[in-house]
Every structure is written in C-alpha cells, then in structure tokens.
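Here is a short report on one protein chain. Take a look at the sequence and the fold before reading on.

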Amino acid sequence: MYVKAVGTALPRRRFTKADCWHAFTHSSWFERLDARAHVVAKAVLSHDNGIDERWLSVDTLAEVFEIDPDTLHRRFAANAPDLASRAAIAALDEAGIDRKEIGAVIVSTCTGYLCPALSGYVVERLGVSKDILCYDLVGQGCAGALPNWQVAAALLAGQQVENVLSICVEVCSAAMYLDNDPGVLISACLFGDGAGAAVLSRSASADRRSIKWHTTGSLINPDEREALRFESRAGLLRNILTRAVPVLAADHAARVLEATLAKCGMRRQDITTWIMHAGGRDVLLALQSKLDLDPQRLAYSRDALRRYGNLSSAFVYFVLDAAIRDRAAGGWWWMSAFGAGFSCHGALLQVD
C-alpha cells in the first residue's frame, strides 16, 4: 500500500486560549461550576499548555456553552460531512486522481453518530460511483487513524480495489461536556475540530515521492479502559481523562514500536521521522522521555498541537501532511496514535 496524498480540513472559525477563557467567564456555566473548576480552567487556558488556538465548528464561542443532546447532534450532523468531504477533496486534488478511481471509502469518528453513516454523506458530496465500497469505524477515539489504514491495507492487498479514500473526522465541539471534574475541564480545553484524509493505493505515483506502508502493529489493553474513554450521561458524551494517560500513552507507544521494530529486525535509531499523535503537552513530554527522543524529533507533532489542539483521530493526518510538505528526511517513518481502550497502533512507512 502506498500513500499517494494527504488532505486536511478545518472549520472556518479559529479561537485562541484567551478567547476561550473570556467566553467561559461570561457564560452561565462559570457560575454553575465551583471555585476549584475556575482555577483548573484558568490554569489550562492562561498558561502554556502546548496549545495556542483551536478551530471549532461554531460562529461564536457562546454557542459552545449551549450543551444539550439535540444542539450537539445538530452540530455534528451539519459539520462532520462537510469537514470529511473537504479533507477528501483536498487529498484527491493533491493526488491528481479522478474521484471515479476511488473504489472504497473508510470513515472513522468518535464524536457523533449518524445513521445512515458518514460514508454515505461523503459519497454523495464527492459524486463518486454509488457501487463504491463504504466502511464506517466508530469508537476508537484518538487512535482511530491507524485501524482505518489497516482496513485499507487489507482491501488493497486483497486486490478488491485499486484506491481507497481514508478519512478521520472529529467534531469535538459536538461532544462538549462540562462539570467540576478536572479531567472533564481539561478535556474541554484541549480538543478542536478537524478532518484528515489520505488516498491509499496499490501502486506508487511515478511523479511524486514514494511513501510505502511497510508493516503495522497494535496493542489493545482493556485493563486500562477506564483511564481514557467516553461515557454516556444524560444523553451526552462525557470524556473521562485521567492523570494516568501520559504515562500509559508513552508506555503503550513504546511497546508497539519495539514489537514492530523487532519483527522487522530494526532498531529505534533507524527511524528518521516521527509522525506521532500528541494528545497534549504532558503526553508529548512523556513520549519524548520514554522514547528517548530529542525534542526536535517531535517538532511536527508539537507544532500541530499548538496550532490546532488535539484533533483526536484526525490529528496524525495533520502531522503527516506537515512532514510531507517539509520534505522530511526519507528512510523509515514511524506513524503512531493511541487512545480509548486503552489502545495504541503504529506503522512503519518506507519513504524514498
């Protein structure tokens, strides 16, 4: 499998941390939450948390504090198809592939639910053949991009199609929840909206850089499920984010990396470029320490986090896109994402 092109899409409104703090203090929620919650939110939004700004699917931040099931569902239903389709079009245009050459569409999300599923809306908006294969993956959280690509690799290896359109889209502003729990508050301050897409093919393009999917590895650890997950409460998705996440993320990322490298007879030093899901500032620091990396090796992830916040499953597409556009050193690239489950996935990409 080859990565022919990557595309991304963001909402049309960008908000800084200062914007978010101001909106919070002027919302009805500020009075509903306790003094400790005010301290937590101010600390995250006033100090360096690794994020400068986020893009959200609202016209004003006042809308973010309209938290009820119907409003949040309408936000997801209106914006997820739009973001997914715009990212897909960007990837197709970059690849120079006609839409009718796409044989399958795989869409991942965890921030909303549609039935008929998101893939059907993407097919409609792209105007591709109605006999195209469609798959929708849900509930994999921030780790969702790599399982999406694993399904694409199986389709391509089985010669069922020549080209697959892979999409991860998250409208995190449609999964907003507030209460006095520090993890809930921190989550509300970290996540942004966005979509990433990739054209994945059986053959490389003759006129562009070759990015080949070499091998992949996964780790699912249900024993740590309660550390990071969504729960349903009063018809809303409530994010459970615990203090254990940075250490868990780093540990699982290291285990998947080492197992995959051992399978290929390779060493960590063979990796030239790191395409890592960031999670947050503390997660990046834990990854840097556990993997014994110079801070510059995670520069693409750190920059994406600062500019967009945590985009959940879509995040690694933005990191990969930055590395491709920057003409990062060829050789072996490691792409990895982790999240709910507790799960972690990785893939070795051979880049010429």
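How much accessible surface does the protein have, and what share of that surface belongs to carbon and sulfur atoms? The accessible surface is about 14,600 Å². Carbon and sulfur atoms contribute 50% of it. Keep in mind that this is a predicted model.

**Overall build**

The protein contains 11 helices and 13 strands. Its C-alpha atoms fit a box of roughly 60 × 45 × 35 Å along the principal axes. The radius of gyration is 19 Å, which agrees with the value near 20 Å for a compact globule of 352 residues. Of the 352 residues, 58% are buried. Long-range contacts are well represented: among contacts with a separation of 6 or more, 79% join residues 24 or more positions apart.

**Charges and salt bridges**

The side chains include 37 positive and 39 negative ones. The centres of these two sets lie 2 Å apart. Side chains of opposite charge can pair when their charged atoms come close. Here the count is 19 salt bridges. Three of them are set out below.

| Pair | Closest N to O distance | Relative accessible area of each partner |
|---|---|---|
| Asp59 and Arg13 | 3.7 Å | Asp59 52%, Arg13 37% |
| Arg202 and Glu162 | 2.8 Å | Arg202 32%, Glu162 45% |
| Arg208 and Asp207 | 4.0 Å | Arg208 28%, Asp207 66% |

Start with Asp59 and Arg13, which form a salt bridge at 3.7 Å. This pair links distant parts of the chain, 46 residues apart. Asp59 sits in the loop between strand E3 (53-56) and helix H4 (69-95), while Arg13 belongs to strand E2 (residues 13-16). Asp59 counts as exposed because its relative accessibility is 52%, and the cut-off for exposed is over 50%. Arg13, at 37%, is partly exposed.

Next come Arg202 and Glu162, whose side chains meet in a salt bridge at 2.8 Å. Arg202 lies in the loop between strand E7 (194-201) and strand E8 (211-220), and Glu162 in the loop between helix H6 (145-157) and strand E6 (163-170), so the bridge ties together parts 40 residues apart in sequence. Arg202 is partly exposed at 32%. Glu162 is partly exposed too, at 45%.

Arg208 pairs with Asp207 at 4.0 Å. Arg208 is partly exposed, whereas Asp207 is exposed. Elsewhere, salt bridges with shared partners join Arg12, Asp82, Arg86 and Arg125 into one network.

**Helix H11 and its flanks**

Is helix H11 mostly covered or mostly open? Helix H11 (residues 315-325) is mostly covered, with 8 of its 11 residues buried. Among the buried residues are Phe315, Tyr317, Phe318 and Leu320. Asp321 is also one of them.

Both flanking loops hold a non-glycine residue with a positive phi. Ser312 lies in the loop between helix H10 (299-308) and H11, and its phi is about 55°. Arg327 follows H11 and lies in the loop between H11 and E12. The phi of Arg327 is also positive, about 55°. Their surroundings contrast. Ser312 is buried, with a relative accessible area of 3%. Arg327 is exposed, at 57%.

**Cis peptide bonds**

Which peptide bond leading into Pro116 is cis? The bond from Cys115 to Pro116 is cis, with omega near 5°. Pro116 is in the loop between strand E4 (104-109) and helix H5 (118-126). Another cis bond joins Gly341 and Phe342, with omega about -5°. Phe342 falls in the loop between strand E12 (331-339) and strand E13 (343-351).

**Two further positions**

Asp136 is part of strand E5 (residues 133-138). It is partly exposed, at 30% relative accessibility. Leaving aside residues up to four places away in sequence, Asp136 touches Val107, Ala117, Leu118 and Ser119. Asp136 and Arg14 are 122 residues apart in sequence, with their C-alpha atoms 28 Å apart.

Ala259 is in helix H8 (residues 245-264). Ala259 counts as partly exposed at 48%. Its C-alpha atom is 9.8 Å from that of Thr216, a residue 43 positions away along the chain.

Conventions:
Residues numbered from 1 in each chain as written. Predicted model: local features only at pLDDT ≥ 70, side-chain atom pairs only at ≥ 80, totals over all residues. Heavy atoms only, no water. Helix = DSSP H or I, 4+ residues; strand = E, 2+ residues; numbered from the N terminus. Rg over C-alpha atoms; globule rule 2.2 N^0.38 Å. Buried < 20%, exposed > 50% of the residue type's maximum accessible area, 1.4 Å probe, protein only. Contact = heavy atoms within 4.5 Å. Areas by Shrake-Rupley, 256 points an atom, 1.4 Å probe, with all protein chains shown as cover. Lys, Arg positive; Asp, Glu negative; His and termini not counted. Charge placed at Lys NZ, Arg CZ, Asp CG, Glu CD.
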